[in-house]
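Hello,

Here is the structure we talked about. Please open it alongside this note, and then read on for what turned up.

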Amino acid sequence: MTGAAPEGAAHRKPDVRGPAFERAARRRYATVSFLFWLPIGLAGASMVLLFTERGLALAAVAGAFAAHSLTAAALELPTGGLSDVIGRRAVLVAAGVLDLAALLLIGLGTAGWVLAFGMALMGAGRALSSGPAEAWYVDTVNAHAGPGADIRTGLARGSSAQSAALALGMLLGGALPWLLGPGSAPGAALRTATSGTVLPLSVPALLGAAVEIAFIGYVLTALREAPRPRTTLRAVLTGVPAAVADGVKLGGRDAVIRRVLMTSAAVGTALAALELLTPGRAAELTGTAESGAVLFAGLAATGFVCSALGSQLAPYVARRAGSGERAVLVSLAAGVTGLLALGATVTSSSASAQAVAVAGYALVYLALGAAGPSENELLHRRVEGSARATALSVQSLCLQLVAAAGGLAVGALPAGPLPWLLAAAVLLAGALLWTRRPAPAPVPAPAAETGGG
């Protein structure tokens, strides 16, 4: 029984790897999540403006972002399989190295192809990072506390740390170029000293590169794993496709996993609508693209804070709802309400309408943050440790691919409530998947014991 001590435990010596160990694992997982996502938030706040400042047309900027998305999608499953074969720590370190190189190219590059290559490297790093840290945490807790251990709390902490890092990164990444912008002595000195190679807009990406070094060092020292069986390059090359094939089959074997994957796809559509439609609306409200970008950065940071809060509330929501399945249903239904509020106010510029829109925006992120840990707990309860990172990669791939398709659909619709209604309808379909209670989860086989005391 989850959380219950075995009979006679009071008469045995305390297990130094019990609750204290689980708290340490949660702390390390949250720290890794924060350190990985902080550089992405820093660079993301000013990346489009940096590319245009380097002379790229909007179509070229879109091409650079497409290089990121396509690379991440192409490598998502193979890199998840790689983590299941060679270990979590090695893949996370590789992700950090790729992101370090990417941020240096983005911050210092002046040619379009260099910037596009940097974005492709960042996409590869994103693919490598999409499952290993979470898989390490679940493997570690399960190995020391059994498959019935509480993992939702740790998953919520990691998700909160990710959102907090993105929020902080967006705020810092938006403020630094403004502080170093035209008219400031430090900004002028920076341009002069580097002959224009380092612009004020480059600083957030370069600061992110410094954080990546800290991320790599922390992964190497804090995420301990039990030694895996010695392997060869040939065994890795044959083992990864097998892991990928198993990942593709996951949804077909288990109804709950299939629901999680379809829900992730629905969430992808909602996020695509928010990311595509909110910047233009912000520019309309403020009157200029520059001031709209500042407003959007503030809104995005607010959204990430709400997502972090939602993740922290996930265990409470699950307890109140009675199960993880009902928690997902309730949370996604709240997200639908937020999207409808955005659609209902899109044609009005009154203060009350804008207040409702901001509340709806915050509610969507709060709801998605609350749903995520329960979804992932349900996924981990159905997946064996040997396929855990692959399953997370399949989930991420579903979100990314449908987000791309949903973004195209949203962008093709006429401006107004219709795009928001489409996103709300898709998210509602994802929520309705959880109206039927699934069969009890089988107990997955734990992964090899990991160190981490």
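**Helix H14 and the rest**

Tyr-361 and Tyr-365 both sit in helix H14, 4 residues apart, or about one turn of the helix. Tyr-361 is buried, and Tyr-365 is buried too. Please keep in mind that this is a predicted model.

The two tyrosines belong to a wider set. The count of aromatic pairs comes to 5. For Tyr-361 and Tyr-365, the ring centres are 5.2 Å apart and the planes stand at 55°, so the pair is tilted. The tilted class covers angles that are neither under 30 degrees nor over 60. There is also an aromatic cluster, formed by Phe-36, Trp-37 and Phe-215.

Helix H14 spans residues 351–382 and also holds Glu-377 and Arg-381. Their side chains meet in a salt bridge, at 3.3 Å from N to O. Why are Glu-377 and Arg-381 separated by about one helical turn? Because they are 4 residues apart in helix H14. Glu-377 is buried, as is Arg-381.

**The other salt bridge**

How many salt bridges does a search of the whole structure find? The search gives 2. Besides the Glu-377 and Arg-381 pair, Asp-139 and Arg-88 meet through their side chains, at 2.7 Å from N to O. This pair links distant parts of the chain, with the two positions 51 residues apart in sequence numbering. Asp-139 is in helix H6 (residues 132–145), and Arg-88 is in helix H4 (residues 88–108).

Are these two partners buried or exposed? Asp-139 has 2% relative accessibility, so it counts as buried. Arg-88 has 1%, so it counts as buried as well. The cut-off for buried is under 20% relative accessible area.

Arg-88 has one further entry. Arg-88 and Ser-129 are 41 residues apart in sequence, and their C-alpha atoms are 9.3 Å apart in space.

**On the surface**

Look next at Leu-309, Leu-313 and Tyr-316. They form a nonpolar patch on the surface. Together they have about 280 Å² of accessible area. Leu-309 lies in helix H12, which covers residues 289–321. Its relative accessible area is 47%, so Leu-309 is partly exposed. Exposed would need over 50%.

The chain as a whole exposes about 19800 Å². Carbon and sulfur atoms supply 68% of that area.

**The chain overall**

The chain has 16 helices and 0 strands. It has 453 residues, and buried residues make up 51% of them. Take the contacts between residues at least 6 apart in sequence: 84% of these join residues at least 24 apart.

**Where to be careful**

The mean pLDDT of the chain is 79. Of its residues, 80% reach 70 or more. Two stretches have low values. Over residues 1–16, pLDDT stays under 50. The model has 6 contacts beyond four places in sequence for that stretch. Over residues 443–453, pLDDT is below 50 as well. This second stretch has 34 contacts in the model beyond near neighbours in sequence.

Best wishes

How values were computed:
Residues numbered from 1 in each chain as written. Heavy atoms only, no water. Salt bridge = Lys/Arg side-chain N within 4 Å of Asp/Glu carboxyl O. Buried < 20%, exposed > 50% of the residue type's maximum accessible area, 1.4 Å probe, protein only. Patch = residues over 30% accessible without salt bridge, like charges linked within 9 Å, V, L, I, M, F, W, Y side chains within 5 Å. Areas by Shrake-Rupley, 256 points an atom, 1.4 Å probe, with all protein chains shown as cover. pLDDT = per-residue confidence, 0-100. Contact = heavy atoms within 4.5 Å. Phe/Tyr/Trp six-rings, centres within 6.5 Å; stacked < 30°, edge-to-face > 60°.
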